Number of protein chains: 2
Amino acid sequence: MTAGALTIQQAAQTTGWSARMLRYVEDAGLIEPLRSPAGYRLYGPAELQRLRTLRALLAEFDIGLTDVGFAQRLHRDADLRAAVDHWFAAAPRRPEHVPAADWLRWEQDKHQRLLNPTLLDPYAFKETA
Amino acid sequence: MTAGALTIQQAAQTTGWSARMLRYVEDAGLIEPLRSPAGYRLYGPAELQRLRTLRALLAEFDIGLTDVGFAQRLHRDADLRAAVDHWFAAAPRRPEHVPAADWLRWEQDKHQRLLNPTLLDPYAFKETA
DNA sequence: TTAGCCCGGACACGCCCGTGTCAAGTAAAT
DNA sequence: ATTTACTTGACACGGGCGTGTCCGGGCTAA
C-alpha cells in the first residue's frame, strides 16, 4: 500500500498540513481523496500537489479556506456567479476626477430623472417576509 | 437636504437594513455612500438599489457579507483571480463513470510517469519558512 | 435653544472558522 | 497477537463575523 498513494499521516507530513486539517479541507469540499476499501483516505500526487498549492494560495493572499470554498461555489454555480457579477456591475464607479459635490449633484439629477410615474419609487422598500 | 439623498436612518428603513449594518457594509468596502460636508452619509438611489439587491443576494444564496467582500477582491485583484482559477484548473475532475479503483490505478500510473528524474519528487515537501 | 438626528468608538453576545486533542472502534503491519 | 495507524465523533478554545446597544460629542431643523 506504500506503493501509489499516501495515507493521511504521510500526506500531512509531505504537504505541511496536519491530518486534522486534511480532514477539514475535505469537509470543506476542497480536496476529497479516494478511499481504500476499508475507508482509508488515499492521497495521490495530484492531491498532494493541490494541497501544497492550496497552502501557498492561502498564505500568499492571506485568505481562508472558506474563501476558497466560496470561490469554488462561484466557480460551479452559474446562477450565483451571474448574480454576484450583476451586483458588481451596478457599482457606482464614479470617476476619481469628479469632485464629490459635483457627482452628488449628478446623482441627484439622476434621481429626478428617475422619478418617472411609470416606475416604482426607488426609495420604496417592501419587506420580503 | 431631504431633497436628493437619504440619511442613514432613512436609507435603513427604506432598504430593510439597520443603520448599524449600513455602517458595517461600508466598513466591508461594499457600499460607500457620499458624505455631506459635515460628514453625514448620503445614500442616493443607486446606493439604495444596491443595498436592496445585496440583501436579496445574501438571502437567496445564503452567503455572508465576507463572501461578497471576497468576491469583490476576486473581481478587482487580477493576481488573486488568476491564482484561484489556476488552483481550480488543477482539480482532479475524475469522470463519474470510471470506478474509483480504476481511477486510482490511473493515478498511480500517472505518478509513475511523473517520476521523471528531471522533475522534483511530487511527494517531497519543503517547508517554506 | 432644544429636540432629534448623525458620527466614531466601544462593549457584548452568539455563532462559525481553524485547530488541537482525546476516545472508542476497526484495519494494517510486524 | 500486539502495536501502530486510520476512522468518525466530540469537546475546547481563541478569533472573527453579524448585530444590537450605549456613550460622548457634533450637526440641524423646528
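A:Asp62 sits in the loop that joins helix 3 (45–61) to helix 4 of chain A. The structure is a predicted model, and this loop residue is a convenient place to enter it. The phi angle of A:Asp62 is positive, about 55°, although the residue is not a glycine. Is A:Asp62 buried or exposed? It has 7 C-beta neighbours inside 10 Å, and a residue with 12 or fewer is called exposed, so A:Asp62 counts as exposed.

Chain B has a residue to set beside this one. B:Asp62 is found in the loop between helix 3 (45–61) and helix 4 of chain B. Its phi is near 55°, a positive value in a residue other than glycine. B:Asp62 is exposed, with 7 other C-beta atoms within 10 Å.

From the loop we can step back to the whole of chain A. This chain has six helices and two strands. Read from the N terminus, its elements follow the order α-α-β-β-α-α-α-α. Chain A has 129 residues, and buried residues make up 21% of them. Another way to describe the chain is by its contacts. Among contacts between residues at least 6 apart in sequence, 49% join residues at least 24 apart.

After the loop comes helix 4, and here the two chains meet. Helix 4 of chain A packs against helix 4 of chain B at an angle of about 75°, and their axes are 10 Å apart. Angles from 65 to 115 degrees count as roughly perpendicular, so helix 4 of chain A is roughly perpendicular to helix 4 of chain B. Which residues make this contact? From helix 4 of chain A they are A:Asp67, A:Phe70, A:Ala71 and A:Leu74, and from helix 4 of chain B they are B:Asp67, B:Phe70, B:Ala71 and B:Leu74. By class, the contact has six nonpolar, no polar and two charged residues. A general point about helices helps in reading such a list. An α-helix has 3.6 residues a turn, so residues three or four places apart point the same way.

Next is helix 5. In chain A, helix 5 covers residues 78–89. At 1.5 Å a residue its twelve residues should span 16 Å, and its end C-alpha atoms are 16 Å apart, so the two values agree. The number of buried residues among these twelve is one, so helix 5 of chain A lies largely in the open. In chain B, helix 5 (residues 78–89) has twelve residues and reaches 16 Å from its first C-alpha to its last, close to the 16 Å expected. One of its twelve residues is buried, so helix 5 of chain B also lies largely in the open.

The last part of the picture is the DNA. Around DNA strand D there are 18 residues, and A:Thr7, A:Gln9, A:Arg41, B:Ser18 and B:Gly64 come nearest. Two or more residues of this surface come from each of helix 1 (8–15) of chain A and helix 2 (19–27) and helix 4 (65–76) of chain B. Sorted by class, the surface near strand D has seven nonpolar, eight polar and three charged residues.

Around DNA strand C there are 19 residues, of which A:Ser18, A:Gly64, B:Thr7, B:Gln9 and B:Arg41 come nearest. Helix 2 (19–27) and helix 4 (65–76) of chain A each supply at least two residues of this surface, as do helix 1 (8–15) and helix 2 of chain B. The classes near strand C are eight nonpolar, eight polar and three charged residues.

Definitions and conventions: Residues numbered from 1 in each chain as written. Chains lettered and ligands numbered in written order. Predicted model: local features only at pLDDT ≥ 70, side-chain atom pairs only at ≥ 80, totals over all residues. Near = placed C-beta within 6 Å. Helix = DSSP H or I, 4+ residues; strand = E, 2+ residues; numbered from the N terminus. Nonpolar A, V, L, I, M, F, W, Y, C, P; charged D, E, K, R; others polar. Axes fitted to C-alpha atoms, helices over the stretch in contact; angles between N-to-C directions. Parallel < 35°, antiparallel > 145°, perpendicular 65-115°, else oblique. Contact = placed C-beta atoms within 7 Å. Buried ≥ 20, exposed ≤ 12 C-beta atoms within 10 Å, placed from the backbone. Expected span 1.5 Å × (residues − 1).
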